[in-house]
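Visitor: I'd like a walk through this structure, with the reasoning spelled out as we go. Could you show it to me before I start asking?

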Amino acid sequence: MMKPLVRNAALSGYVELSQSLGIDPRALMKRVGLDPAGLAVQDRWISGVAVIQLLELSAAAARREDFGLLLAERRRFSSLGPISLVIREEPDVRSALELLVRHEHMYNELLHSRLSEVNGLATLKVSLEPAETAATRQSVELAVGAFHQVLRTFLGARWQALSVCLTHGAPKDPGSHQRLFGPVVEFDSEFDGIVFYASDLHTPNPMGDPMLRTYARQFFDAIATSRDTTVLDRVRDLIEVLLPTGRCSIEQVAGSLGVDRRTVHRHLAASGETFSSVLNATRSQLAEQLVPNPRRSLTEISGLLGFSAPSAFSRWFREQFGCSAREWRTRRAERGPGEGDPGGAPEGHAGTEMRRIPDW
C-alpha cells in the first residue's frame, strides 16, 4: 500500500520559519528522510507522514506549540498549486471551497475535508489520515490555518469565523491562535475545522473575472487527476518533476512515495513496466514538446531532461528518434504543426529508422 503524499508546497515557508526560530531545518528534514534541496521543486510529491513528523520535531526543537500555525501564516495562495489558478476565478466562496474540497487529492493526499450546511451555519471539517499512528497537532493546525487564510482571501482580512475548532488541548500560550483566529478558538472540540455563517458562502469572489473563468476551467480539466491515480501515474508525474533537478532516480521516486525501491519495482512490473521504461517514455514525450521550441537551446533541453551532459542527450535522442535533435527540430519547423512526424519517431513507434547524420 502506498502511503499518502503531499506536494512540497505544503512546506512553503518552512526553511525561513525554522531559521527565524533558531533551529536547523536541514538537519530536521534529513532526520525524517526528506531532501532539503528538493523544496525548490514545489510540485514534487513527498511523504505525508514525513511532513507530519517534521512539523512535530520542529515544534519540539523550537519549543513552539504554535509552529504549524506560524507556518500557515506564511502560506500563499499559490501554495495550492495549479488549482489556485482556477479558484481565483470562481464566482463565489461556495464554488471555490467546493472545488478545493473535491480536488484536495491534487495537492494533499493526507487531507480529508468536508463542507456542510445546517440551520444557517456552514461547517468546514478537516481531518488527516496518515495511514499510520502519528501525532498530528502541528499538521492539523497548519491545515485549519491554511483554510482560514483562504477564507480571508475571499472574505477580507477582517472576516472572523464563528468558531475555530481544534480537538487537541490548548497550548500554554494561545497568543498566536487568538491573533490569527480571534477570540473564537475552541480547544478540546469534537472535530477540527471552522464554523461560519452559511450566508458567507454566497459572497462574490472579488478576484474573479467571468471572462477568464471558462479558460481557467478548461485548463484545470486538462490537468485534473482522479483520486484513483495508479502507482504508474504517480511515478510518471514524479519523473517529470525530478528530471530538471538532475536527481531523478528510483531511490528519489521511492522516497517521494514513502516506500522502498523494491515496492516501486513490484508495482511497475504489475503494469508491465520497469523504472527505465517509464523514465524513457517520459523523456521521449517531453522531448517531443521541448525540442521544436526554437526559444530553448538544445543544451537547456538536455538539462531539463535530466542529462548530465549535452553529449549524453545527443546519443539518447538519436537512439530514440533516429536523427539528431537539431535535424528533428529543422524538419518540424519545415513541416509546421500538425503535419506528422518530421522524421524519426520515439522508440517502439512505427517509422523509427536509424540514420547517420551530423550530430547537433
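**A chat about rings, a helix and a pocket**

Guide: Let's start at one residue: leaving out residues up to four places away in sequence, A254 touches V259, D260, R261 and V264. Keep in mind that this is a predicted model.

Visitor: Okay, what is the mean pLDDT of the chain?

Guide: Start with the share of residues that reach 70 or more, which is 89%. A weak stretch is residues 337-360, where pLDDT stays under 50, and the model has 56 contacts beyond four places in sequence for that stretch. The mean pLDDT of the chain is 84.

Visitor: Back to A254: how far apart in space are A254 and S47, C-alpha to C-alpha?

Guide: A254 is found in helix α11, residues 250-257. In sequence, A254 and S47 are 207 residues apart. In space, C-alpha to C-alpha, the figure is 9.6 Å.

Visitor: Is A254 buried or exposed?

Guide: The cut-off for buried is under 20% relative accessible area. A254 has a relative accessible area of 3%, so A254 is buried.

Visitor: And how many of the eight residues of α11 are buried?

Guide: The buried ones are I250, Q252, V253, A254, S256 and L257. What covers them includes β1, β2 (45-47), α10 (231-242), α12 (261-270) and α13 (275-290). α11 is largely enclosed by the rest of the structure because the buried residues number six of the eight.

Visitor: Now the rings. How many aromatic pairs does a search of the whole structure find?

Guide: A pair of aromatic rings is described by the distance of the centres and the angle of the planes. Searching the whole structure for aromatic pairs, the count comes to eleven.

Visitor: Take F307 and F313: is that pair stacked, edge-to-face or tilted?

Guide: Their ring centres are 5.7 Å apart, with the planes at 55°. Planes under 30 degrees apart count as stacked and over 60 as edge-to-face. At 55° the pair fits neither of those, so F307 and F313 are tilted.

Visitor: Are F307 and F313 buried or exposed?

Guide: F307 has 14% relative accessibility, and F313 has a relative accessible area of 0%. With the cut-off for buried at under 20%, F307 counts as buried, and F313 is also buried.

Visitor: What kind of aromatic pair do F317 and W328 form?

Guide: Centre to centre the rings are 6.0 Å apart, with 80° between the planes. The pair links distant parts of the chain, with F317 in helix α15 (residues 310-321) and W328 in helix α16 (residues 325-335), eleven residues apart. F317 is buried at 0% relative accessibility, and W328 is buried at 1%. The pair itself is edge-to-face.

Visitor: Which residues do ring pairs link into a cluster?

Guide: We've already met F307, F313, F317 and W328, and ring pairs link them with two others. The full cluster is F307, F313, W316, F317, F321 and W328.

Visitor: Which residue has its charged end over the ring of F307?

Guide: Elsewhere, K125 lies over the face of F191, 5.0 Å from the ring centre. Over the ring of F307, the charged end sits 4.0 Å from the centre, and that end belongs to R283.

Visitor: Last one: which element supplies the largest share of the lining of the second largest pocket?

Guide: That pocket holds about 400 Å³ of space and is lined by 26 residues, with R75, L80, L142, A143 and A146 nearest its centre. β1 (5-7), α3 (48-62) and α7 (137-155) each supply at least two lining residues. The largest share, eight residues, comes from α7.

Notes. Residues are numbered from 1 along each chain as its sequence is written. This is a predicted model: local features need pLDDT of at least 70, side-chain atom pairs count only at pLDDT 80 or more; totals for chains, interfaces and linings use all residues. Side-chain values use heavy atoms; hydrogens and water are left out. pLDDT is the predictor's confidence in each residue, from 0 to 100. Contact means heavy atoms within 4.5 Å. Rings of Phe, Tyr and Trp (its six-membered ring) pair if their centres lie within 6.5 Å; planes under 30 degrees apart count as stacked, over 60 as edge-to-face and the rest as tilted. Buried means under 20% relative accessible area, exposed over 50%, partly exposed in between (1.4 Å probe, protein chains only). Helices (H or I, at least four residues) and strands (E, at least two) are DSSP runs, numbered from the N terminus. A charge sits over a ring if NZ of Lys or CZ of Arg is within 6 Å of the ring centre and within 35 degrees of the ring normal. On a 1 Å grid over the protein atoms alone, a cavity is a set of points where a 1.4 Å probe fits but cannot get out, and a pocket is an open set with protein on both sides within 12 Å along at least five of seven lines; lining residues have an atom within 4 Å of a point. Grid points are joined across faces, edges and corners, and a volume is the space filled by probe spheres set on the points.
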